[in-house]
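Grab a viewer and work through these short exercises. Try each task before you read the solution beneath.

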Amino acid sequence: MKKTGYVILWSVVGAMVIAIGIGLFFAIREKMTRITAETVDVSDWISDEDITVKEHYCAHTGMYPTASDTFINFASNGSYEMKTGTSSMAQGTYTVDKNVITTNYQSSYSSSSAEVKLLAEGNFIFFESNICSGDEIPDDDTFDATVSRVDAAGYGYQYEFRKDGTYTLTHGEAKDCRKWTVVDGTYKRNADNTLTVTLNDSDALPLYISHGHLVTSFYTEISNDEYDKAMKEAEEKSKENTEK
């Protein structure tokens with residue numbers, strides 16, 4: 001009986017060890033095969049006073065806006081439009097409360113519509129949905145940090161920064177690692193907390209750090225002259241393409 005008891009005891013212990021091992025395996029596998037992110041609480045990012053929304057903002061890689069860049073234009077009548085070159089991507093209305101811009105947009109390509117919020121900081125504006133969760137980014141010029149975000153369509157972005165000034169971007173369907181793309185690049189932190197970055201040795205859209213969090217896309221205030229010059233270039237390119 002005593003021997004039988006030991007056998008039963010060790011059988012139970014063995015089963016528990018196997019169960020724990022299986023659980024750890026799937027936990028690790030889940031971590032390795034999914035890009036996960038949490039919603040970032042931005043309540044502390046809200047200012048006490050209303051900001052004045054500028055007329056034109058642009059997301060661009062170079063020093064000056066060009067025809068291929070993306071623009072957000074705010075009109076004084078409460079309407080706005082997002083466009084790339086001369087092509088409209090979305091339009092709608094907006095309201096401002098402190099430094100939060102709330103847009104109600106209608107896509108130019110489909111029947112989809114939604115309420116989307118942007119935050120304004122200095123000369124920059126950015127979508128709340130572009131804020132990454134994960135490690136807090138320190139004030140250092142270079143740093144070790146892994147951050148990520150997942151958009152409404154389930155597309156994930158994970159950035160792994162290293163103190164040597166390099167980083168790795170993994171992106172694709174957040175729940176399916178078989179559809180991920182992994183690229184390497186470099187980064188340089190600027191005085192205004194923007195990051196000048198490259199991917200595969202080519203310039204990429206800059207990144208922004210706000211309140212210790214990475215923002216994967218942002219728009220910078222530009223002048224009317226800069227906007228008009230970019231639109232003239234866009235119209236000329238559009239005309240050239242039409243004549244071909």
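**Exercise 1. Find the largest pocket, give its volume, and say which elements line it.**

Keep in mind that this is a predicted model. Start with the volume: the largest pocket holds about 590 Å³ of space. Next, pick out the lining, which comes to 21 residues. Head for the centre of the pocket and you'll find Met82, Tyr105, Val116, Phe127 and Ser129 lying nearest to it. Now sort the lining by element: β3 (79-84), β4 (87-97), β5 (100-107) and β9 each give two or more residues. The top contributor is β5, with three residues.

**Exercise 2. Work out which residues have the most contacts inside the largest nonpolar core, and which elements supply it.**

First, the background: in soluble globular proteins, nonpolar side chains tend to be buried together. Here the largest such core counts 17 residues, and Phe143, Tyr159, Phe161, Leu195 and Leu214 have the most contacts inside it. Then go to the elements: β9 (145-150), β10 (155-161), β11 (166-173), β12 (181-189), β13 (194-199) and β15 (207-210) each provide two or more residues. There's also a second, separate core of 14 residues, with Met82, Tyr94, Leu118 and Phe127 among them. Finally, zoom in on Tyr159: skipping neighbours within four places in sequence, its contacts include Ala145, Val147, Leu169, Leu207 and Leu214.

**Exercise 3. Place Thr142 in the fold and decide whether Thr142 is buried, partly exposed or exposed.**

Locate Thr142 first: it sits in the loop between β8 (133-134) and β9. Its relative accessible area is 27%. Buried would need under 20% and exposed over 50%, so Thr142 is partly exposed. Now look across the chain: Arg162 is 20 residues away in sequence, yet the two C-alpha atoms are separated by 7.1 Å. Beyond neighbours within four places in sequence, Thr142 touches Lys163, Gly165 and Tyr187.

**Exercise 4. Check how many disulfides there are, and compare the surroundings of Cys58 and Cys177.**

Run the search over the whole structure and you get zero disulfides. Then check the exposure of each cysteine. Cys58 has a relative accessible area of 1%, so Cys58 is buried. Cys177 comes out at 35%, so Cys177 is partly exposed.

**Exercise 5. Sum up the protein as a whole: secondary structure, burial and surface.**

Count the elements: two helices and 17 strands. For burial, 37% of the 244 residues are buried. For the surface, expect about 14900 Å² accessible, with 52% of that belonging to carbon and sulfur atoms.

Notes. Residues are numbered from 1 along each chain as its sequence is written. This is a predicted model: local features need pLDDT of at least 70, side-chain atom pairs count only at pLDDT 80 or more; totals for chains, interfaces and linings use all residues. Side-chain values use heavy atoms; hydrogens and water are left out. A nonpolar core is a set of buried Ala, Val, Leu, Ile, Met, Phe, Trp, Tyr and Cys residues joined through side-chain atoms within 4.5 Å. Buried means under 20% relative accessible area, exposed over 50%, partly exposed in between (1.4 Å probe, protein chains only). Helices (H or I, at least four residues) and strands (E, at least two) are DSSP runs, numbered from the N terminus. Contact means heavy atoms within 4.5 Å. A disulfide is a pair of cysteine sulfur atoms within 2.5 Å. Accessible areas come from the Shrake-Rupley method with a 1.4 Å probe; for residues, only the protein chains shown count as cover. On a 1 Å grid over the protein atoms alone, a cavity is a set of points where a 1.4 Å probe fits but cannot get out, and a pocket is an open set with protein on both sides within 12 Å along at least five of seven lines; lining residues have an atom within 4 Å of a point. Grid points are joined across faces, edges and corners, and a volume is the space filled by probe spheres set on the points.
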